[in-house]
Amino acid sequence: MSPRTITMTEPLHRYLLEASLAEAPLLTRLRAETEALGDAARMQISPEQGQFMALLVRLIGARRILEIGTFTGYSALAMASALPADGRLVACDRSAEWTAIGQRYWAEAGVADRIDLALGDALETLDGLAAAGTAPFDLAFIDADKGNYQAYFERCLALVRPGGLILADNVLWGGRVADPAEDGEDTRAIRAFNAAVKADTRVDASLVPIGDGLMLARKR
Ligand code: CA
């Protein structure tokens with residue numbers, strides 16, 4: 001790691017959480033329930049990342065959010081809670097089973113009426129939104145199958161307003177992106193995605209080393 005970026009040791013990460021994490025009790029409970037699922041829980045974003053994304057929602061005054069890859073609903077809950085009461089979040093996922101967990105928490109948090117769950121193939125959902133002439137989104141969060149990141153990004157660029165923000169998760173991919181010995185399909189897909197965003201003159205971007213790496217791309 002570059003000496004200009006601090007190495008996040010376990011004790012330092014614990015300090016970071018103690019010093020700045022203000023996680024709502026419902027989010028804490030949802031995180032615990034998801035962690036009990038075992039291996040799949042790795043798909044859940046970290047709590048400090050959820051807090052950061054909720055801050056981004058507030059910073060840009062987002063009213064409409066598009067989420068691709070909802071899993072058990074932590075990121076949707078974190079972002080929807082930061083929306084105004086009449087805000088909307090469209091949550092795309094394939095799994096009725098996982099999103100059902102999120103739906104319980106969205107209801108308990110009183111934000112269920114802000115979240116439209118779109119079950120099925122996300123590319124089809126996004127194409128359907130575009131075809132229906134949906135109102136532009138202020139923010140999109142991509143956190144689904146890595147092989148389709150560029151396809152999702154392209155559709156998000158069409159669906160997000162100028163000045164809107166596209167976030168993409170896992171862009172440091174557990175460090176594998178920087179390991180020349182790693183050439184798995186997902187690793188290559190993420191390297192290609194990061195390179196494409198860097199070269200894309202339609203956005204201003206920054207790769208933020210929070211969680212597993214979060215790409216921020218603002219549509220020009
Ligand atoms: Ca993720």
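This text leads through the central sheet, a helix packed on it, two residues of one loop and an enclosed cavity. The model is predicted.

The sheet offers a natural point of entry. Its 7 strands are arranged in the order β3-β2-β1-β4-β5-β7-β6, the sheet is open, and the pairing is mixed. The edges are taken by β3, residues 115–119, and β6, residues 203–208; each of these strands has a single partner, so one side of each is left without a neighbour in the sheet. From one strand to the next, the twist averages 15°.

Within this arrangement, one pairing may be followed in detail. Strand β1 spans residues 64–68 and strand β2 spans residues 88–93; the two run in the parallel sense and are paired over 5 bridges. Leu66 has Val90, in β2, as its bridge partner. Helix α5, formed by residues 96–109, packs on the sheet, where the helix touches β2 and β3. The direction of α5 makes about 170° with that of β3. The strand β3 that α5 touches is also one of the two edge strands.

Attention now turns to the backbone of a loop. Most residues other than glycine have a negative phi. Against that background, two residues of this model deserve inspection. Asn170 is not a glycine, yet its phi is positive, at about 65°. Asn170 lies in the loop that connects β5, residues 160–169, with α8, residues 185–199. The relative accessibility of Asn170 is 11%, and because buried means under 20%, Asn170 counts as buried.

Trp173 is found in the loop between β5 and α8 as well. Its phi is near 45°, again a positive value in a residue other than glycine. With a relative accessibility of 14%, Trp173 counts as buried. Thus Asn170 combines a positive phi with a buried position, and for Trp173 a positive phi likewise accompanies burial.

The last feature is the internal space. The count comes to 1 cavity of 30 Å³ or more. The volume of the largest cavity is about 50 Å³. Which residues line the largest cavity? The lining consists of Met43, Gln44 and Ile45, then Gly69, Thr70, Phe71, Thr72, Gly73, Tyr74 and Ser75, together with Asp143. By residue class, this lining divides into 4 nonpolar, 6 polar and 1 charged.

Notes. Residues are numbered from 1 along each chain as its sequence is written. This is a predicted model: local features need pLDDT of at least 70, side-chain atom pairs count only at pLDDT 80 or more; totals for chains, interfaces and linings use all residues. Side-chain values use heavy atoms; hydrogens and water are left out. On a 1 Å grid over the protein atoms alone, a cavity is a set of points where a 1.4 Å probe fits but cannot get out, and a pocket is an open set with protein on both sides within 12 Å along at least five of seven lines; lining residues have an atom within 4 Å of a point. Grid points are joined across faces, edges and corners, and a volume is the space filled by probe spheres set on the points. Ala, Val, Leu, Ile, Met, Phe, Trp, Tyr, Cys and Pro count as nonpolar, Asp, Glu, Lys and Arg as charged, and the others, Gly among them, as polar. Two strands pair if DSSP finds at least two bridges between them. Helices (H or I, at least four residues) and strands (E, at least two) are DSSP runs, numbered from the N terminus. Axes are lines fitted to C-alpha atoms, for helices over the stretch in contact, and angles run from 0 to 180 degrees between N-to-C directions. Contact means heavy atoms within 4.5 Å. Buried means under 20% relative accessible area, exposed over 50%, partly exposed in between (1.4 Å probe, protein chains only).
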